[in-house]
Amino acid sequence: MRPTPDHSFDATKITRPSPVLLNYYVLTTAVATLCIIPITIIALLPNLFKYHSLRYRFDDEGVSMAWGVLFRREINLTYRRIQDIHVTRNLFQRWMGLATLAIQTASGSAAPEMSIEGILEVDQLRDHLYSRMRGARGEAEDDGTGDVGQPADEALRLLHEIRDELVALRGAGRSGGGAA
């Protein structure tokens, strides 16, 4: 069963992660460093810098993500390159209402090309990205009539032409007396 799209959701308004992500970073760092305050503060610094510099952009072309203070990183993905989307939620993320949306491309790497963190409306964002990646490939929604849109009709017409030409060639080869 396909979820119904939420028409009030606007991905273009997402530019920053939710402040809950900062709480998540503090909690996971504190747990990982066994709550030893000096170690926790030092271990938390990279996540603090990432949180404060993290920016997202969702537009008609694709998705962009940029972060970093000393070493600036930026990832730009067009909807056409997206192969799959995975949503993961660990125990703390579920408790805080967060999730990580991992976007896979055909880059050949096992790691996701982009991991979007700190978005509270992750299910709506996933559905938005799925609809955009299907639209970027020219695939139309099936309306129940069996007609799936212009690109499929064009491909079917081309396949019929190829079939007819092969049949004609096979018939010409047999009637010409040559061995096939």
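## Aromatic pairs

Two rings of Phe, Tyr or Trp (for Trp, the six-membered ring) count as a pair if their centres lie within 6.5 Å. By that rule, this predicted model has two aromatic pairs. Take Tyr24 and Tyr25: their ring centres are 6.2 Å apart and the planes make an angle of 45 degrees, so this pair is tilted. Tyr24 is buried, at 9% relative accessibility, and Tyr25 is buried as well, at 4%.

Tyr56 and Phe58 make up the other tilted pair, with 6.4 Å from centre to centre and 40 degrees between the planes. Here too the residues are tucked away from solvent by the numbers: Tyr56 is buried at 4% relative accessible area, and Phe58 is buried at 2%.

## Glu117 and its surroundings

Where does Glu117 sit in the chain? Look in the loop between strand E6 (114-116) and helix H4 (122-136). Is Glu117 buried or exposed? With a relative accessible area of 14%, Glu117 falls under the 20% cut-off, so it counts as buried.

The side chain of Glu117 has a polar contact with the side chain of Tyr25, at 2.7 Å. That's the Tyr25 that pairs with Tyr24. Setting aside neighbours within four places in sequence, Glu117 touches Pro17, Leu21, Tyr25, Lys50, Tyr56, Ala99 and Thr100. Tyr56 on that list is the partner of Phe58 in the second tilted pair described above.

## Charges over rings

Lys50, one of the residues in contact with Glu117, also has a ring to look at. The charged end of Lys50 sits over the ring of Trp67, 5.6 Å from the ring centre. Arg16 does something along these lines with Tyr51: Arg16 lies over the face of that ring, 5.4 Å from its centre.

## Salt bridges

How many salt bridges turn up in the whole structure? The search finds 10. One of them joins Asp59 and Arg57, with the closest N and O atoms 3.2 Å apart. Both ends have some solvent access: Asp59 is partly exposed at 22% relative accessibility, and Arg57 is partly exposed at 45%.

Helix H5 (residues 150-175) holds another one, between Glu154 and Arg157. Their side chains meet at 2.4 Å, N to O. The two residues are three places apart, which is about one turn of the helix. Glu154 is partly exposed, with a relative accessible area of 38%, and Arg157 is partly exposed at 39%.

## The helix H4 network

Back to helix H4, the helix that follows the Glu117 loop. Asp123 forms a salt bridge with Arg126, and the closest N and O atoms are 3.4 Å apart. Because Asp123 and Arg126 are three residues apart in helix H4, about one helical turn separates them. Asp123 is partly exposed, with 33% relative accessible area. Arg126 is at 21%, and since buried means under 20%, Arg126 counts as partly exposed.

Which residues are linked with this pair in a network of salt bridges? Arg89 and Asp127 are, so to speak, the other members: Arg89, Asp123, Arg126 and Asp127 are linked together.

Methods
Residues numbered from 1 in each chain as written. Predicted model: local features only at pLDDT ≥ 70, side-chain atom pairs only at ≥ 80, totals over all residues. Heavy atoms only, no water. Helix = DSSP H or I, 4+ residues; strand = E, 2+ residues; numbered from the N terminus. Buried < 20%, exposed > 50% of the residue type's maximum accessible area, 1.4 Å probe, protein only. Polar contact = N/O pair within 3.5 Å; in protein donor to acceptor, adjacent residues only side chain to side chain. Contact = heavy atoms within 4.5 Å. Salt bridge = Lys/Arg side-chain N within 4 Å of Asp/Glu carboxyl O. Phe/Tyr/Trp six-rings, centres within 6.5 Å; stacked < 30°, edge-to-face > 60°. Lys NZ or Arg CZ within 6 Å of the ring centre and 35° of its normal.
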